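I opened the model to look up a few things and kept notes as I went. The entries follow in the order in which I worked.

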Amino acid sequence: MDLENQQRIKDLADEHGQENMVVILGGAEAEASGLACETVTNGDPTFAGPLAGVQLGLACYHVFEPEIKDAIDEDVYEEQISMMEMVLEVDDIIEEVKEYREKFSQYTL
Amino acid sequence: MLAGKKIAILGDRDGIPGPAIEEALKSTEAEVVFTTTECFV
């Protein structure tokens, strides 16, 4: 995950409180989405960025996951998101993000 | 479920870009506090 974005997420979690933050991912593939989820929950696995060793434990979901998808108006989801749902490996992405969330998130929706 | 939550969006140029997710979340009670579009690779 981009180092600048790691800093932003860290600052936002400080500002708003970890329990109030939710990170929503739009990643195109499973591994990278899982890594992003790991970074905002358990810290930067590459130990390169501001979140290295920082376990924020944030709630983190991919936009394809039912917790997020079902909260969005159906027509709007159709218009903004669903086209990519048809071309990406949705089940793999969801499984990977969920695995890291269940392992490291201290907060959930 | 999202009511009152502060949302940080990490979109993906090759997946769902940040602004598309932000637009979709306007239909919820969540507050988007940060949106970006990364190149995940």
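Before looking at any helix length I fixed the yardstick: the expected span of a helix is 1.5 Å times one less than its number of residues. Helices (H or I, at least four residues) and strands (E, at least two) are DSSP runs, numbered from the N terminus. The model is predicted, so I kept its limits in view: local features need pLDDT of at least 70, side-chain atom pairs count only at pLDDT 80 or more, and totals for chains, interfaces and linings use all residues. Residues are numbered from 1 along each chain as its sequence is written, and chains are lettered from A and ligands numbered from 1 in the order in which they are written.

**Entry 1: helix 2 of chain A**

I checked the length. Helix 2 of chain A has 13 residues and reaches 17 Å from its first C-alpha to its last, close to the 18 Å expected at 1.5 Å a residue.

Next I looked up burial. I call a residue buried if 20 or more other C-beta atoms lie within 10 Å of its own, exposed if 12 or fewer, and partly exposed in between, with C-beta atoms placed from the backbone. In helix 2 of chain A, 10 of the 13 residues are buried, so the helix is largely enclosed by the rest of the structure. Among them are Ala30(A), Gly34(A), Cys37(A), Glu38(A) and Val40(A).

What covers these buried residues? For contacts I used C-beta atoms, placed from the backbone, that lie within 7 Å. The cover of helix 2 of chain A includes helix 1, strand 1, strand 2 and helix 6 of chain A, together with strand 1 of chain B. Just after helix 2 of chain A, I noted that Gly43(A) takes a positive phi of about 105°.

**Entry 2: Thr41(A)**

Thr41(A) lies in helix 2 of chain A. I counted Thr41(A) as buried because it has 23 C-beta neighbours inside 10 Å. Leaving aside neighbours within four places in sequence, its contacts include Leu56(A), Cys60(A), Tyr100(A) and Phe104(A). Thr41(A) and Tyr100(A) are 59 residues apart in sequence, yet 7.9 Å apart in space, C-alpha to C-alpha.

**Entry 3: helix 6 of chain A**

Tyr100(A) took me to helix 6 of chain A, where it is one of the buried residues, along with Ile93(A), Glu96(A), Val97(A) and Arg101(A). They cover an arc of only 130° around the axis, which puts them on the same side of the helix; the arc is that of the directions from the helix axis to the C-beta atoms. The face turned away from this buried side carries the exposed residues Asp91(A), Glu95(A), Glu102(A) and Lys103(A).

I also checked the length of helix 6 of chain A: its 15 residues (90–104) should span 21 Å at 1.5 Å a residue, and its end C-alpha atoms are 21 Å apart, which agrees. The cover of its buried residues includes strand 1 (21–25), helix 2 (30–42) and strand 2 (59–62) of chain A.

**Entry 4: the sheet**

How are the strands ordered in the open sheet? I found 4 strands in the order 2(A)-1(A)-1(B)-2(B), with parallel pairing. Two strands pair if DSSP finds at least two bridges between them. Strand 2 of chain A and strand 2 (31–38) of chain B stand at the edges, each with a single partner strand, so one side of each is left without a neighbour in the sheet.

Across the chains, strand 1 of chain A and strand 1 (residues 6–12) of chain B pair in the parallel sense over 5 bridges. I noted Met21(A) with its bridge partner Lys6(B), and Leu25(A) opposite Leu10(B). Within chain B, 7 bridges join strand 1 to strand 2; Gly11(B) has Thr37(B) as its bridge partner, and Asp12(B) stands opposite Glu38(B). Of the 7 residues of strand 1 of chain B, 6 are buried, so this strand is largely enclosed by the rest of the structure.

**Entry 5: Ile9(A) and the chain contact**

Ile9(A) lies in helix 1 of chain A. With 28 C-beta neighbours inside 10 Å, Ile9(A) counts as buried. Leaving aside neighbours within four places in sequence, Ile9(A) is in contact with Val23(A), Val40(A) and Ala8(B).

The contact between the chains takes 29 residues from chain A and 28 residues from chain B.

Conventions: Contact = placed C-beta atoms within 7 Å.
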